[in-house]
Amino acid sequence: MTAWLLRHVQTAIGSLGRLAQHKLATTLTILVIGIALALPACLHLLVTNAQIATGNWNRAVDLTVFLKRPTSAEEARRTAERIRQRRDVAEAQLILADEALKEFRRGSGFGDAIDALNENPLPHTIVVRPTEAYTNAANLQSLAADVRALPSVEAVQLDTAWVNRLNAILEAFQRGLLLAAAVLGLGVMVIVGNTIRLDIQNRRDEIEVTKLVGGSDAFVRRPFLYNGFWYGLGGAATAWVITLVAIAVLREPIGKLAGLYGSSFQLGALGAEASAILLASGVALGWLGSYLAATRHLRKIEPT
Amino acid sequence: MIRFDHVFKRYPNGREALSDLSLEIAAGEIVFVTGHSGAGKSSLLKLITLIERPSRGQLIVNGQNVAGIGRGKVPAYRRQIGMVFQDHKLLSDRTIFDNVALPLIIAGVGTKEIGKRVRAALDQVGLLGREQSAPLELSTGEQQRVGIARAVVSKPPILIADEPTGNLDPELSLEVMKIFRRFNEVGVTVLVASHDIYLLEHFPVRRVRLEAGRVVETSDAGAGEKLLDPRKLIAADQGAKS
């Protein structure tokens with residue numbers, strides 16, 4: 001068992017040493033694989049960051065509840081309290097008509113015009129923020145309907161259309177991400193397979209001799225599988241570094257953009273899980289590509 | 001050890017390399033196979049090493065009928081045959097040590113044991129101390145001796161050499177042949193294909209002469225010709241019945 005393990009370690013290191021001897025070719029191959037893997041990785045970053053960013057904008061799915069006029073401040077507080085106690089409501093903030101008017105006077109610059117009015121034209125308003133688990137369209141609709149049925153409520157404003165649109169866009173992106181990952185993964189396998197094929201051609205003599213002295217197909221194939229393993233690992237690591245560079249370059253402008261929208265959103269890098277998946281799929285694709293190519297091409301090489 | 005029974009070998013291009021060849025080589029024997037190029041020497045060796053398969057007839061090596069050895073079992077079969085080639089077939093990007101160690105690595109021998117046996121094999125061919133050299137740093141004769149060390153390092157019962165002295169001058173050829181003789185003396189069955197007249201004259205061992213794919217002459221070491229070898233007649237008889 002230990003001898004077997006030792007031989008695998010030796011083969012792995014031997015394969016690494018051989019790749020290191022052909023620095024340029026190896027670097028180019030790994031770079032191509034890295035770029036191919038970086039594309040889906042960057043798309044993944046785009047989608048996850050967009051989800052986080054829109055998560056910050058949960059405020060946008062708030063319901064604005066306008067109360068009937070006239071409603072007493074006391075009644076408005078009771079209504080707000082009733083709404084707040086619902087399971088699907090995280091927060092219900094009451095803005096009394098007087099406060100709203102003060103705010104409006106300060107912010108709008110229509111102070112004089114408002115002074116000309118005899119009474120406050122604004123209703124009491126309750127801003128309802130749903131619990132995060134209930135922010136899908138169906139739940140929001142039923143929440144709005146329930147609130148609308150309350151006696152002192154005049155109107156409920158709910159704009160789910162753009163939430164739906166955004167979710168649809170993200171879903172489309174996610175599908176695109178899967179598709180891109182599948183196509184580029186196939187590309188990685190083809191790249192590795194082709195590299196291994198050339199490698200096998202270059203080492204034809206060695207393969208023949210090894211078979212002559214009794215090397216089995218599996219024995220002859222092993223170093224090529226390790227080559228595929230290293231290509232995949234190196235490519236995945238390169239892709240990971242590319243995502244880091246992309247994040248570093250984009251972090252500042254994106255932060256500034258978010259700031260303009262009043263958000264403190266910051267671009268996030270690949271998480272531990274996503275990084276592990278990237279590395280694992282790189283290794284798996286490299287190994288699989290070399291396995292298919294080596295199995296296919298080594299069979300054809302027989303000593304003559 | 002090796003028995004050909006009415007073996008034919010026809011290549012896809014229609015050339016018949018071996019035609020009704022019957023031959024028996026006993027365990028522990030050393031035999032020269034001679035003949036002009038094209039007489040079938042190479043084909044004979046290729047059949048034994050399973051590089052080619054007989055078109056007809058039966059070939060039994062070390063008690064195994066080669067017809068029953070499937071593709072997956074060829075490697076294990078070849079591990080019982082040491083092979084020496086005219087062009088050495090050394091791997092030029094590896095050290096002498098790694099070249100000789102190859103059959104042991106394939107057989108799954110432990111690292112310590114590999115070191116011991118590689119040095120022993122190199123010692124037997126007079127190249128101890130050259131383990132870390134590259135094959136191309138060695139002379140042709142030395143390279144051939146490395147090839148022999150690789151062929152015997154796993155102690156196979158059969159040693160096969162195809163024109164092992166083809167590129168060597170007479171003196172080196174004799175030296176190589178002496179090495180083969182030493183292995184034969186410890187019980188290895190040795191089969192050497194050669195048309196090196198000089199070599200043949202200096203080694204009184206059994207000779208099998210091929211011509212157009214048949215055995216036309218077989219002579220025992222030193223003794224007179226024994227074309228009607230009773231063993232072979234029995235074998236031929238059995239072959240005809242089966």
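## Helix α1 of chain B

In α1(B), the buried residues are Lys41(B), Ser43(B), Leu44(B), Leu45(B), Leu47(B) and Ile48(B). That makes six of the eight residues of this helix, which spans residues 41-48, so the rest of the structure largely encloses it. Keep in mind that we're looking at a predicted model here.

Just past the end of α1(B) there's a backbone oddity: Leu50(B) has a positive phi, at about 60 degrees.

## Two more positive phi values in chain B

Most non-glycine residues have a negative phi, so a few other spots in chain B are worth a look too. His6(B), not a glycine, has a positive phi of about 45 degrees. You'll find His6(B) in strand β1, residues 2-10 of chain B. Is this histidine buried or exposed? With 18 other C-beta atoms within 10 Å, His6(B) falls in between and counts as partly exposed.

Asp20(B) is the next one along in this account, with a positive phi of about 55 degrees, and again it isn't a glycine. Asp20(B) sits in strand β2 of chain B, which covers residues 16-25. Its surroundings hold 17 other C-beta atoms within 10 Å, so Asp20(B) is partly exposed.

## A cis peptide in chain A

Over in chain A, the thing to check on the backbone is the peptide bond from Arg69(A) to Pro70(A): it's cis, with omega near 0 degrees. Most peptide bonds are trans. Pro70(A) belongs to the loop that runs between β1 (63-67) and α3 (73-84) of chain A.

## The build of chain A

Chain A has 10 helices and four strands. Reading from the N terminus, the order is α-α-β-α-β-α-α-β-α-β-α-α-α-α. How spread out is the chain? Its radius of gyration is 31 Å, well over the 19 Å that the globule rule gives for 304 residues, so chain A is more spread out than a compact globule. Along the principal axes, its C-alpha atoms fill a box of roughly 105 × 35 × 30 Å.

The domain assignment splits chain A into domain 1 (2-56 + 164-300) and domain 2 (69-151). Taken over C-alpha atoms, the centres of these two domains of chain A are 53 Å apart. As for packing, 28% of the 304 residues of chain A count as buried. Among contacts in chain A with a separation of 6 or more, 84% come from residues 24 or more positions apart.

## Where the chains meet

On the interface, 15 residues of chain B are in contact with 13 residues of chain A. Which elements of chain B give two or more residues to its side of that interface? They are α2 (74-78) and α3 (96-107) of chain B. By type, the chain B residues that touch chain A divide into eight nonpolar, three polar and four charged.

## How confident is the prediction?

The model scores ipTM 0.83 and pTM 0.73. For chain B, the mean pLDDT is 85, and 91% of its residues reach 70 or more. The stretch to treat separately is residues 223-230 of chain B, where pLDDT is below 50. Beyond near neighbours in sequence, residues 223-230 of chain B have five contacts in the model.

How values were computed:
Residues are numbered from 1 along each chain as its sequence is written. Chains are lettered from A and ligands numbered from 1 in the order in which they are written. This is a predicted model: local features need pLDDT of at least 70, side-chain atom pairs count only at pLDDT 80 or more; totals for chains, interfaces and linings use all residues. Two residues are in contact if their C-beta atoms, placed from the backbone, lie within 7 Å. Ala, Val, Leu, Ile, Met, Phe, Trp, Tyr, Cys and Pro count as nonpolar, Asp, Glu, Lys and Arg as charged, and the others, Gly among them, as polar. pLDDT is the predictor's confidence in each residue, from 0 to 100. A residue is buried if 20 or more other C-beta atoms lie within 10 Å of its own, exposed if 12 or fewer, and partly exposed in between; C-beta atoms are placed from the backbone. Domain bounds come from an automatic or database domain assignment. The radius of gyration is taken over C-alpha atoms; the globule rule is 2.2 Å times the number of residues to the power 0.38.
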